[in-house]
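Biologist: Could you take me slowly through one part of this model, namely the cysteine links and the strands and serines that go with them in your description? I am new to reading structures, so please keep the steps connected.

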Amino acid sequence: LSLSTSSALSPTLHLIVNLFLSFSLFPECFTANGAEYRGFQNQTSLSGGKPCLFWNETFQHPFNTLKYPNGEGGLGPHNFCRNPDRDVQPWCYIADNEDGIYWRFCDIPTCQMPGNLGCFKDSGDPPTLSGISETSNKLTIQNCISFCRKQRYELAGMESGYACFCGNELDLRDHVEAPSMECNHVCFGDHTQPCGGDGWVIIFDTKVGSCGGNYTAPSDVIYSPDFPDKYASGRVCYWTIHVPGASALLFNFTFFDISDQTDMVELLDGHSNRVLARFDGRHPPREVLNVTADYVILYFYSDRTNRAQGFALLYQGEPIPRTGTTRATPPLDATEKSNGSSNGRSSQIMYVITTSPDKPEHNMPGQWEGPSNTSGHHAMWTIYALAALLTLTVIAMVAKLLLHITVKAPNIPTVSGSDSCSQSTASTEPWIILYQPSTISLFKKKLKNHHGDLSPLVGN
């Protein structure tokens with residue numbers, strides 16, 4: 001097992017990493033308000049939106065490149081949507097001044113954090129989420145998620161900034177997703193988070209921000225505990241990432257905000273618990289990590305003093321390559337339900353036995369080398385023959401020992417004073433008479449041939 005960064009990867013693996021980071025395959029935002037958005041949308045909406053002004057031409061407004069010359073908040077000589085003030089979602093300045101409003105939120109489909117299922121119309125009949133609900137003037141996204149998760153609901157929805165609703169996925173069948181700008185009312189408990197709108201509910205998966213979990217999907221996103229709120233003090237959390245059939249796992253911390261050196265994030269080998277990488281406030285991750293394993297444990301610890309925003313970790317399993325170096329039996333099909341999937345779909349995973357890339361190949365007994373050959377074939381049969389011979393030898397020795405104990409006996413003493421017997425004792429063989437009907441005739445035949453009609457019952 002080894003760990004490397006993207007700077008030391010092969011050209012093929014570089015391509016995989018680029019695809020891994022491509023915005024066409026993965027979302028461009030991993031926080032609730034899209035503060036880290038660095039995409040290229042330059043109008044408030046893809047359909048009939050207003051064009052954005054360049055940030056280096058908005059000196060009359062608070063945010064511009066003159067005030068933030070070093071790219072803070074993603075500002076620069078461009079007109080792409082950004083969120084430099086950590087509002088509820090990315091926005092931009094516009095040329096049209098309507099009622100004194102000179103900026104607009106941007107509706108960016110690709111800027112939706114994993115776990116945010118979207119904005120939906122709440123008609124009330126039926127309700128978008130039909131479970132229990134509560135209201136709070138300190139509502140945040142994680143407060144609502146934690147409330148619904150404790151009640152064992154799959155989904156949590158926020159509406160109008162102060163209302164929290166719980167429900168399950170089946171409740172969404174009759175509701176259509178709406179533009180994200182309809183759900184940009186700020187949460188009463190955190191004005192940097194969106195908490196729905198009047199008659200519009202923003203819905204999240206309740207696994208977001210959980211302290212620990214098990215992940216088996218080929219790719220998924222893991223958030224720090226209590227995300228998108230700041231993680232609480234005294235947290236100790238473990239997540240297992242086990243992707244069967246993967247030759248390596250790629251890890252990308254798309255968001256990382258740890259308060260100090262005492263709070264830490266670690267990646268451990270799932271089989272040996274050996275620490276592969278450790279990060280903290282002073283040593284954040286800077287590149288994509290490549291771990292040649294299919295089982296990794298993510299560990300998080302926070303002390304009892306400081307708090308921070310946490311992290312978002314995107315992982316991707318790299319499938320085993322089908323190359324000429326493989327020695328494979330016919331592939332086995334296995335159906336697996338993704339831990340990160342909520343739609344109940346299953347995927348077929350091909351398990352292929354392959355040799356380790358960093359070790360020389362060795363011929364193992366029974367290893368497949370063609371339709372009619374196996375290495376170690378003759379050695380295996382030799383071992384089987386020796387084992388059989390040893391078994392037969394042991395059986396023969398035991399049988400001989402039992403026969404010796406049964407047949408071997410001391411000589412039967414002759415009776416003194418009997419002339420006929422005394423004359424024959426010197427040359428008579430000792431006999432043991434077994435009183436069994438099937439053996440009497442054999443003894444008679446033997447004795448008659450030896451001494452004629454001499455009775456075998458001698459002496460006493």
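Modeller: What follows goes from the disulfides to a sheet and then to two serines. Please keep in mind throughout that this is a predicted model.

The structure holds eight disulfides, and three of them will serve as examples here. In one of them, cysteine 29 is joined to cysteine 111, with 1.8 Å between the two sulfur atoms. This link is left-handed, with -100 degrees about the S-S bond. The two cysteines belong to distant parts of the chain, since cysteine 29 sits in the loop between helix H1 (11-21) and strand E2 (91-98), while cysteine 111 sits in the loop between strand E3 (101-105) and strand E4 (116-121), and 82 residues separate them in sequence. Cysteine 29 and cysteine 111 are both buried.

Another disulfide connects cysteine 144 with cysteine 164, and the distance from S to S is 2.0 Å. With 80 degrees about the S-S bond, the link of cysteine 144 and cysteine 164 is right-handed. Cysteine 144 is part of helix H2 (residues 141-150) and cysteine 164 is part of strand E7 (residues 163-167), so this disulfide ties together parts that lie 20 residues apart in sequence. Both of these cysteines, 144 and 164, are buried.

Helix H2 and strand E7 come up again with cysteine 148 and cysteine 166, which form a disulfide whose sulfur atoms are 1.9 Å apart. Here the torsion about the S-S bond is about -80 degrees, and therefore the disulfide of cysteine 148 and cysteine 166 is left-handed. Cysteine 148 is in helix H2 and cysteine 166 is in strand E7, 18 residues away in sequence. Cysteine 148 counts as buried because its relative accessibility is 0%, and cysteine 166 is likewise buried, with a relative accessible area of 0%.

Strand E7 also leads us to a sheet. This is an open sheet of six strands, in the order E5-E7-E6-E11-E4-E8, and the pairing is antiparallel. At its edges are strand E5 (133-135) and strand E8 (177-178), each of which pairs on one side only. Within the sheet, strand E6 (residues 155-159) and strand E11 (residues 200-205) run antiparallel and are joined by five bridges. One of the residues to look for is glycine 157, whose bridge partner in E11 is isoleucine 203.

Following the chain beyond E11, we find serine 210 in the loop between E11 and strand E12 (213-215). Serine 210 has a relative accessible area of 12% and is therefore buried. A polar atom of the serine 210 side chain lies 3.2 Å from the backbone oxygen of glycine 212. Leaving aside residues up to four places away in sequence, serine 210 touches Arg149, Tyr223, Pro225 and Trp239.

The other serine to examine is serine 219, which lies in strand E13 (residues 219-223). Its relative accessible area is 29%, so serine 219 is described as partly exposed. Although serine 219 and glutamine 316 are 97 residues apart in sequence, their C-alpha atoms are 4.4 Å apart in space. The side chains of serine 219 and glutamine 316 are also joined by a polar contact of 3.5 Å.

Notes. Residues numbered from 1 in each chain as written. Predicted model: local features only at pLDDT ≥ 70, side-chain atom pairs only at ≥ 80, totals over all residues. Heavy atoms only, no water. Disulfide = S-S within 2.5 Å. Helix = DSSP H or I, 4+ residues; strand = E, 2+ residues; numbered from the N terminus. Buried < 20%, exposed > 50% of the residue type's maximum accessible area, 1.4 Å probe, protein only. Pairing = 2+ DSSP bridges. Polar contact = N/O pair within 3.5 Å; in protein donor to acceptor, adjacent residues only side chain to side chain. Contact = heavy atoms within 4.5 Å.
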